[in-house]
Amino acid sequence: MSADLKDMIDSAAAARQHAHAPYSGFKVGACIRAESGRLYAGCNVENAAYPQGQCAEATAIGAMVAGGDDRIAEIVVMGEGQRLCTPCGGCRQRLSEFAGAETPVHICGPEGLRQTIALGELLPYAFIADNLED
Ligand code: THU
C-alpha cells in the first residue's frame, strides 16, 4: 500500500471518530487526495430533520473546494459493518463533478482497505458538464 493511501486511511479514520450520527449510529469518514496532493477529510453530519443530514463524502468535497482544490485524485470512504460502505447514489454524482471514471474509490472498514472500485464502475454513464454542451 502506498504511503499516500495509508495517510488517507488514517485521516478518514480520524474524521470518522468525529461523525455526528446519533440517528443512524453509522459513522462514516472520508478522505480525498486532491491532484495538488493535499488531503481533505470529512465525516457524516446528521440532523434531527433527517433529510438535512450530510454524507462524509459531501463534507470532504466541501472542505476540498473551500481549500482551493477542484480535482480528486483518489478518495477513501470508511464505514462499518460487514458490507462494503460504497458511496450512496447522490455522492457518486457529487464525486463525478470533481473526478473521472478512472478515479479510485477505496472502500474501507475500521480494520483497513477492503476493496478499490473505479468511480466509473460505481456510476456508469454519469451525467457530467460535457452533457450540457450542444
Ligand atoms: N453515509 C455516508 O456518510 N457515506 C456513505 O457512503 C454511505 C452513508 C452516511 C449517511 C448517514 O449519515 C449514515 O451514513 C447512514 O446512512
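Here is a walk through this structure, from a central strand to its salt bridges and then its cysteines.

The model is predicted, so to speak of local features a pLDDT of at least 70 is needed, side-chain atom pairs count only at pLDDT 80 or more, and totals for chains, interfaces and linings use all residues. Residues are numbered from 1 along each chain as its sequence is written, and side-chain values use heavy atoms, with hydrogens and water left out.

Let's start with strand 1, residues 29-34. Helices (H or I, at least four residues) and strands (E, at least two) are DSSP runs, numbered from the N terminus. In strand 1, 6 of the 6 residues are buried, so the rest of the structure largely encloses it. Here, buried means under 20% relative accessible area, exposed means over 50%, and partly exposed is in between (1.4 Å probe, protein chains only). In a regular strand, side chains alternate between the two faces of the sheet. Strand 1 is covered on both: Gly29, Cys31 and Arg33 are buried on one side, and Ala30, Ile32 and Ala34 on the other.

What does strand 1 pair with? Two strands pair if DSSP finds at least two bridges between them. Strand 2 (residues 39-43) runs antiparallel to strand 1 and is joined to it by 5 bridges, with Ala41 as the bridge partner of Cys31. These two strands form a hairpin with 4 residues between them, and Gly37 in the turn has a positive phi of about 100°. Strand 3 (residues 72-78) is also antiparallel to strand 1, with 6 bridges, and its Glu74 is the bridge partner of Arg33.

Arg33 leads us to the salt bridges, each a side-chain nitrogen of Lys or Arg within 4 Å of a carboxyl oxygen of Asp or Glu. The count comes to 5. In one of them, Arg33 meets Asp4 at 3.7 Å, N to O, tying strand 1 to helix 1 (residues 3-17) across 29 residues. Arg33 is buried at 19%, while Asp4 is partly exposed at 38%. Together, Asp4, Arg33 and Glu74 are linked in a salt-bridge network.

Helix 1 also holds Arg16, whose salt-bridge partner Glu80 lies 64 residues away in the loop between strand 3 and helix 3 (89-96). Their closest N and O atoms are 3.0 Å apart.

Finally, what about disulfides, meaning pairs of cysteine sulfur atoms within 2.5 Å? The whole structure has 0. For Cys88, the nearest cysteine sulfur is that of Cys91, 3.8 Å away. Cys88 is partly exposed at 36%, whereas Cys91 is buried at 0%.

Key:
Disulfide = S-S within 2.5 Å.
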